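This briefing introduces a structure to a reader who has not met it before. Please consult the sequence and the model displayed below while reading.

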Amino acid sequence: MSEPRVTTEGAEVLVATPNGQVRGLWREPRGCGKSAAFLGIPFAQPPTGALKFEAPVPVEPWDGVRDATEYGPTPQRHPAAEITLIPEPSVSGDSTLNVNVFTPRPGDTAALLPVMVYIHGGGYVSGSPASPWYDGAAFNRDGVVTVTVSYRLGFEGFGHIDGCPENRGARDWLAALEWVRRTIAVFGGDPGNVTIAGQSAGGGAVLTLLGMPAARGLFHRAWALSPGVAEVTRERAEAVADRIAKLAGVPATKEGFASVDPDELVELENQATNLLADTNVMAGIRGLLAEGLSLGPVVDGELIPQPILAAYGDGVGADIPLVIGSTQDEMTMIADSMPWSVRLVPPSALLRALGVDRPTRRSYLRANAHQRRRDSPAVLGRYLGDAMLRVNIPRVAAAREGAHTWAYVFAWPSASRGWALHCLDVPFWFDCLADKHVPNIAGDAPPQSVADDIHGAAVAFVASGDPGWPTWSSTPGMTRIFDTAGEPLRTDGYAELAALV
């Protein structure tokens with residue numbers, strides 16, 4: 001007689017995976033019904049010792065029962081972790097390559113429920129899958145098995161080191177997806193119906209995977225929320241590594257970087273890459289816009305053969321349906337902290353200081369006249385969000401000509417922040433508005449109707465491949481608007497970005 005796939009004892013639940021048994025917990029969170037959580041399951045060996053700065057190595061099978069009732073290590077060392085708008089706790093430890101599985105049908109290999117794999121954001125340097133917002137309870141309620149993954153961040157995950165594989169963090173994404181393909185059936189999921197999703201840098205990860213030949217067959221649909229695309233060049237990655245090595249006083253080798261304390265390495269990484277540390281704020285912002293992120297997926301000619309738009313233009317990922325969108329005011333929130341003197345500078349002058357040429361300035365300001373009527377900082381903040389994040393939506397949609405692509409805008413303005421700002425859509429997408437951290441970003445009474453709409457669209461897409469509105473590919477510009485007012489569809493949802501596209 002074969003070993004039972006699942007056993008229960010009180011609130012505990014045991015599932016036998018290909019690597020060994022794991023112990024999770026039944027729970028009924030946020031009124032979402034009964035589901036089970038399995039936390040901190042390793043998909044690869046700890047990237048320490050000889051494995052530091054190397055490609056992920058599959059985890060060894062274990063004897064007995066492995067406890068999976070607490071999140072695995074996700075240490076938050078980068079200063080960016082201190083200002084995140086999403087609650088992402090730091091969990092110390094070295095075994096940082098792990099997954100969390102939330103499922104309503106543990107052990108039921110016949111359930112074959114659709115699977116959603118979520119990749120967290122954080123600029124590729126911070127973030128954690130242990131956020132209470134990423135709990136899959138609402139998706140479980142709606143019949144979707146949910147997996148959240150950790151990956152190596154910052155220089156450890158994306159820094160260039162001679163003799164070591166590039167894009168170690170991206171290789172972690174692949175290893176996690178391979179784990180899902182091998183293992184998710186014992187958690188009630190269908191390995192043939194996997195959707196990847198992510199927000200900010202996690203959205204950028206989704207777009208990177210979509211254009212990555214090595215990811216073929218590991219997922220079948222994709223949803224990118226406010227995708228932050230890095231696409232660091234090999235030359236820039238080498239220059240950043242050289243700067244960090246010089247600051248550390250070590251050779252730019254595996255041995256040299258491994259000799260640096262991890263916390264110190266992150267501090268040096270920040271010194272070497274923080275363009276906004278410039279005493280001239282506008283110069284720092286201009287540098288960030290011109291150079292982009294210093295750490296993130298590297299176009300190495302191997303794992304990532306070419307930039308994503310070129311890959312999409314060549315038809316890579318054209319068979320995979322994609323939903324892509326942004327908030328209306330990704331970075332407009334910076335207007336709230338701008339000094340009064342900035343309000344006295346004409347918007348055109350601010351954009352000129354950022355290196356925006358005159359025809360582009362004039363066209364952009366005409367298309368954003370409503371923002372111009374607020375004040376100059378509001379224009380500056382809107383432009384930064386548009387140039388850094390929102391412009392990716394029409395560019396990607398256009399590059400995927402003929403492929404099934406849906407676009408949306410999350411336009412509901414936060415009651416506490418005043419803007420439809422970066423990260424605001426995440427608790428709505430996960431339908432977790434009752435979480436105690438939500439009022440900080442959304443106010444005390446965020447509209448459940450908006451959560452019902454966007455979460456419902458996500459569930460429909462994961463389950464059927466259709467979020468419920470016409471594709472951009474059939475009607476260029478077609479955009480779903482998530483808000484409490486106005487029409488839910490626009491035929492020109494990103495028209496105000498035309499000058500930047």
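Valine 117 stands opposite isoleucine 196 in strand β9. The model is predicted, so local features are reported only at pLDDT of at least 70 and side-chain atom pairs only at pLDDT 80 or more, while totals for chains, interfaces and linings use all residues. Residues are numbered from 1 along each chain as its sequence is written, and side-chain values use heavy atoms, with hydrogens and water left out.

**Strand β7 and its partners**

- Strand β7 covers residues 113-119; strands (E, at least two residues) and helices (H or I, at least four) are DSSP runs numbered from the N terminus.
- β7 pairs in the parallel sense with strand β9 (residues 189-199) over six bridges, where pairing requires that DSSP find at least two bridges between the strands.
- Strand β8 (residues 145-149) also runs parallel to β7, and five bridges join the two.
- Tyrosine 118 has threonine 148 of β8 opposite to it.
- Seven of the seven residues of β7 are buried (under 20% relative accessible area, against over 50% for exposed and in between for partly exposed, with a 1.4 Å probe and protein chains only).

**Salt bridges across the chain**

- Side chains of opposite charge can pair when their charged atoms come close.
- The whole structure holds 17 salt bridges, each defined as a side-chain nitrogen of Lys or Arg within 4 Å of a carboxyl oxygen of Asp or Glu.
- Glutamate 54 and lysine 254 form one of them, with their closest N and O atoms 2.8 Å apart.
- Because glutamate 54 lies in the loop between β4 (35-42) and β5 (65-67) and lysine 254 in helix α6 (residues 254-258), this pair ties together parts that are 200 residues apart in sequence.
- Glutamate 54 is partly exposed at 21% relative accessibility, whereas lysine 254 counts as buried at 19%.
- Glutamate 166 bridges to arginine 234, the closest N and O atoms being 2.9 Å apart.
- That pair links the loop between α2 (154-158) and α3 (168-183), which holds glutamate 166, with helix α5 (residues 234-248), which holds arginine 234, 68 residues apart.
- Glutamate 166 is buried at 7% relative accessible area, while arginine 234 is partly exposed at 31%.

**A shared network**

- Glu12, Arg23 and Asp67 are joined into one network by salt bridges that share partners.
- Within the network, arginine 23 and glutamate 12 have their closest N and O atoms 3.4 Å apart.
- Arginine 23 belongs to strand β3 (residues 20-27) and glutamate 12 to strand β2 (residues 12-17), 11 residues apart.
- Arginine 23 is partly exposed at 22% relative accessibility, and glutamate 12 is partly exposed at 32%.
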